[in-house]
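Please take one part of this structure and look at it closely, working outward from a single residue to its surroundings.

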Amino acid sequence: MQLTSPRLRAALLAAASLTLVAAVLPPPKPLGIGDRLFPELGNPGYDVLSYDLSFTYKDNRTPLDAVTVIDARALQPLERINLDFAHGRVASAEVNGEPARFESVGEDLVLTPARPVTAHLPLHITVRHTSDPRGRADGGWVPTQDGLAMANQADAAHRVFPCNDHPADKAFFTFRVTAPEALTVVTNGVPVAAALQNGPVKTWTYRTRHPMATELAQVSVGRSAVVHGTGPHGLPLRDVVPAADRDKLDPWLRKTAGHIAWMEERVGRYPFENYGVLIARATTGFELETQTLSLFEHGLFSGEGYPEWYVESVMVHELAHQWFGDSVAPRTWSDLWLNEGHATWYEALYADGLGTYSLERRMREAYQRSDQWRAAGGPPAAPKAAAPGEKIGLFRPAVYDGAALILYALRQEIGIRAFDRLERRWVAEHRDGVAGTEDFVRLASQEAGRDLTAFLEPWLYGKTTPAMPGHPEWSGKSV
């Protein structure tokens, strides 16, 4: 038989080469980057530069048709490429423009390219797949009363799209979301253009201007009102709320500009292109610092059971994460205390300023409970792994108030001025980057003018809580 079509000949040769490669390679297996808490999360051998995600939404009962395009750089020769992906069906995959064999192993999608990938060269991956919003209680898509939102922390982004699902590999994102015309789509970043109408559906396109960890991606689809405003130094504000509740929620939305100004006085300029709150009619049990668009449960603002000062302090907590956890991402998940400890610290400072719950009282109460928290969940910088199927269990008191207590102890030890300089330097020097506990100890030592390793290690890693500088009366702990 004569092959007269160059395209057909190339396709058949690629398929033949895939068969030959698969025949000589060992069976695929899930890989990881060795994170102590999530050993099979993330993937070795490449650095993702950008994601281009396309989703087509119909309703909450139907998997979304999706295309994930990844541009990366190979760090080493790759005969196979592991992506984190689960809870979706793959239709096809390409690597550098050629068809690739694909297999699911554990929670990895393993691609075998037609030819090995050369180190230090660009890597272009396209996966056509579905993204299923049904039947998951441990993160990823979150069904709302009128659509979907996203909650990917800590390890759930790969239940939505194929990715390198670890905060140490940040990348730029483009989102292209098609939905029925009656719905509104908002994601991280800024609109690339006006929504494009195509019959009964619209396609919305957004792009981030700063790199982002996969756990911080956000896509909101629903009957939403988008409320625009202006924050300090002209910062664009963009809130997304249920359209029916727009007027009722307006008093809360008006507080954000003041919250940003308050944070900027303490740590410096807000680090991203815009900010806002996404208030969703959903029950999650948590609020989440998705980058530039923090996710909140509607019930927090309903006026039932939560005093105003508490709601405001929670809003400040998620805002503080934009600096601590989003702009400066954790190097490993054991560095989570740097995210949650700092967000809790500024939450507590804000409540202290309102005169409702003093910082010293909160830290004293945390000190009394700290040994119990460490025994139950491990020390703040070396938390115990969550139980299988309960990844949200990683978010324990030890990495919230227990970690804020470390910051209080550090401020007591080096003084308020040195501490404030440290906070500003931390977010400025690691902006849009990744940093961990060792980096923080090193920078704190520089600001203190002495090595703080011996002081901080027991606070970070000890089974029991050290004595609090300046508070000898805090010696007794409840048990």
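Q: Which residue has a side chain that a polar contact joins to the side chain of D52?

A: The side chain of D52 is joined to that of R176 by a polar contact of 2.7 Å, where a polar contact is a pair of N or O atoms within 3.5 Å, one able to donate a hydrogen and the other to accept it, with residues adjacent in sequence counted only if both atoms are side-chain atoms. This is a predicted model, in which local features need pLDDT of at least 70 and side-chain atom pairs count only at pLDDT 80 or more, while totals for chains, interfaces and linings use all residues. Residues are numbered from 1 along each chain as its sequence is written, and side-chain values use heavy atoms, with hydrogens and water left out.

D52 itself belongs to strand β1, a strand being a DSSP run of E with at least two residues and a helix a run of H or I with at least four, both numbered from the N terminus. Because its relative accessible area is 18%, D52 counts as buried (under 20%, with over 50% called exposed and the range between partly exposed, for a 1.4 Å probe and protein chains only). Beyond the neighbours within four places in sequence, D52 has contacts, meaning heavy atoms within 4.5 Å, with V67, T68, V69, T174 and R176.

I33 offers a contrast in accessibility, for this residue of the loop between α1 (6-24) and β1 (46-56) has a relative accessibility of 41% and therefore counts as partly exposed. Residues up to four places away in sequence aside, I33 touches P39, L41, G42, N43, P44 and H166.

Strand pairing can be followed from β11 (residues 172-180), which pairs with β15 (residues 201-207) in the antiparallel sense over seven bridges; pairing here requires that DSSP finds at least two bridges between the strands. Within this account, V177 has W204 of β15 as its bridge partner. Strand β15 also runs antiparallel to β13 (residues 190-191), to which two bridges join it, and the partner of V190 in β15 is R207. A further antiparallel pairing links β15 with β14 (residues 196-198) over three bridges, and there Q197 stands opposite K202. The hairpin of β14 and β15 has two residues between the strands, and in this hairpin G199 takes a positive phi near 65 degrees.

Elsewhere, the structure holds five cavities of 30 Å³ or more, a cavity being a set of points on a 1 Å grid over the protein atoms alone where a 1.4 Å probe fits but cannot get out, with lining residues having an atom within 4 Å of a point. The volume of the largest is about 100 Å³, a volume being the space filled by probe spheres set on grid points joined across faces, edges and corners. Among the 15 residues lining this largest cavity, D146, S220, S224, I279 and A280 are the closest to its centre, and two or more lining residues come from each of β10 (147-151), β16 (219-222), β18 (236-242) and β19 (276-280).

The second largest cavity contains about 50 Å³ of space, and its lining includes F324, W426 and A435. Both β21 (328-330) and α5 (336-354) supply at least two residues of that lining, and β21 gives the most, with three.

Conventions: 1 Å grid on protein atoms, 1.4 Å probe; cavity = no way out; pocket = protein on both sides within 12 Å on 5 of 7 lines; lining within 4 Å.
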